[in-house]
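Me: Could you take me through one part of this protein slowly? I'd like to see what sits around one strand and the spaces beside it, with the terms spelled out as we go.

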Amino acid sequence: MNRTQPQTVALACHPSSPSSAVRGLTASARIGGAGKLAVRFVLDADMSQVVMPRLRPAARADELWRHTCFEVFVALPDSDAYCELNFSPSTEWAMYGFVGYRRGMTPIEVRRPPREAVRPTPRGLVLEAVTYLAELPVPQPDLALRAGAAAVIEETNGQLTYWALTHPSALPDFHHRLSFVLQVGKQPA
């Protein structure tokens, strides 16, 4: 599998959940050697106003989206099926497969769990995660993938803010296929 160059994109806050803490949030994704999907999120925020999950051993955990969490959705362009990958700053993670829009959610069993690194910066934090495409139910991973990058940021006032590449519906909906706008992997000829 060929390596691809990362494309860095800015995430936008959903209008229904404005943030007073976050100044900016970017995401990038690329296919690396050995069929690895590498993602990187850079949060620029007043961290005194952001609730950070407590560091825990790296392990699978459900409902990470209820707190500060970074998410990637991947699919083949011509398929209804997709995968959801959740990465918490606690280093907990989750992976789910769907057969269609919010249908058939199944936890993805992996032999090699994702690796995650979280580091604070003077203006926020960086979260990087690497997983193997072969672990995901995405056929022919050497093809271009459509991806959506998203995040939930919990603020100290109790508010959850929702960030994505695009928000195609009135309510935050990271599963909406129109938000899978990032191309990752082999570029078309």
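Reply: Here is a walk around strand E11, then the cavity, the pocket and a residue or two beyond.

First, some housekeeping. This is a predicted model, where local features need pLDDT of at least 70 and side-chain atom pairs count only at pLDDT 80 or more, while totals for chains, interfaces and linings use all residues. Residues are numbered from 1 along each chain as its sequence is written, and side-chain values use heavy atoms, with hydrogens and water left out.

Strand E11 covers residues 145–154. (Strands, E, are DSSP runs of at least two residues, numbered from the N terminus.) Of its 10 residues, 9 are buried, so E11 is mostly covered; buried means under 20% relative accessible area, exposed over 50%, and partly exposed in between, using a 1.4 Å probe and protein chains only.

What does E11 pair with? Two strands pair if DSSP finds at least two bridges between them. E5 runs antiparallel to E11, with 7 bridges joining them, and here Glu71 stands opposite Ala150. E12 is also an antiparallel partner, over 5 bridges, with Ala151 facing Trp163. The hairpin of E11 and E12 has 5 residues between the strands, and Gly158 there takes a positive phi near 90 degrees. E13 pairs with E11 in the antiparallel sense too, over 3 bridges, and Ala147 stands opposite Leu182.

Those last two residues turn up again in the lining of the largest cavity. On a 1 Å grid over the protein atoms alone, a cavity is a set of points where a 1.4 Å probe fits but cannot get out; a pocket is an open set with protein on both sides within 12 Å along at least five of seven lines; and lining residues have an atom within 4 Å of a point. Grid points are joined across faces, edges and corners, and a volume is the space filled by probe spheres set on the points. The structure holds 1 cavity of 30 Å³ or more, and the largest cavity has a volume of about 40 Å³. E11 supplies at least two of its lining residues, as do strand E3 (22–32) and strand E4 (36–45). By class, that lining has 8 nonpolar, 2 polar and no charged residues. (Ala, Val, Leu, Ile, Met, Phe, Trp, Tyr, Cys and Pro count as nonpolar, Asp, Glu, Lys and Arg as charged, and the others, Gly among them, as polar.)

Now for the largest pocket, with a volume of about 360 Å³. It is lined by 16 residues, and Glu71, the one facing Ala150, is among the closest to its centre, along with Trp65, Glu84, Arg102 and His175. Strands E5 (69–75), E6 (82–87) and E7 (93–98) each give two or more residues to this lining. The lining splits into 9 nonpolar, 2 polar and 5 charged residues.

In E6 you'll also find Asn86. Asn86 counts as buried because its relative accessibility is 1%. Its side chain is joined to that of Glu84 by a polar contact of 3.0 Å. (A polar contact is a pair of N or O atoms within 3.5 Å; within protein, one must be able to donate a hydrogen and the other to accept it, and residues adjacent in sequence count only if both atoms are side-chain atoms.) Not counting residues up to four places away in sequence, Asn86 touches several others, including Glu71, Trp93 and Tyr96; contact means heavy atoms within 4.5 Å.

Key
Helix = DSSP H or I, 4+ residues; strand = E, 2+ residues; numbered from the N terminus.
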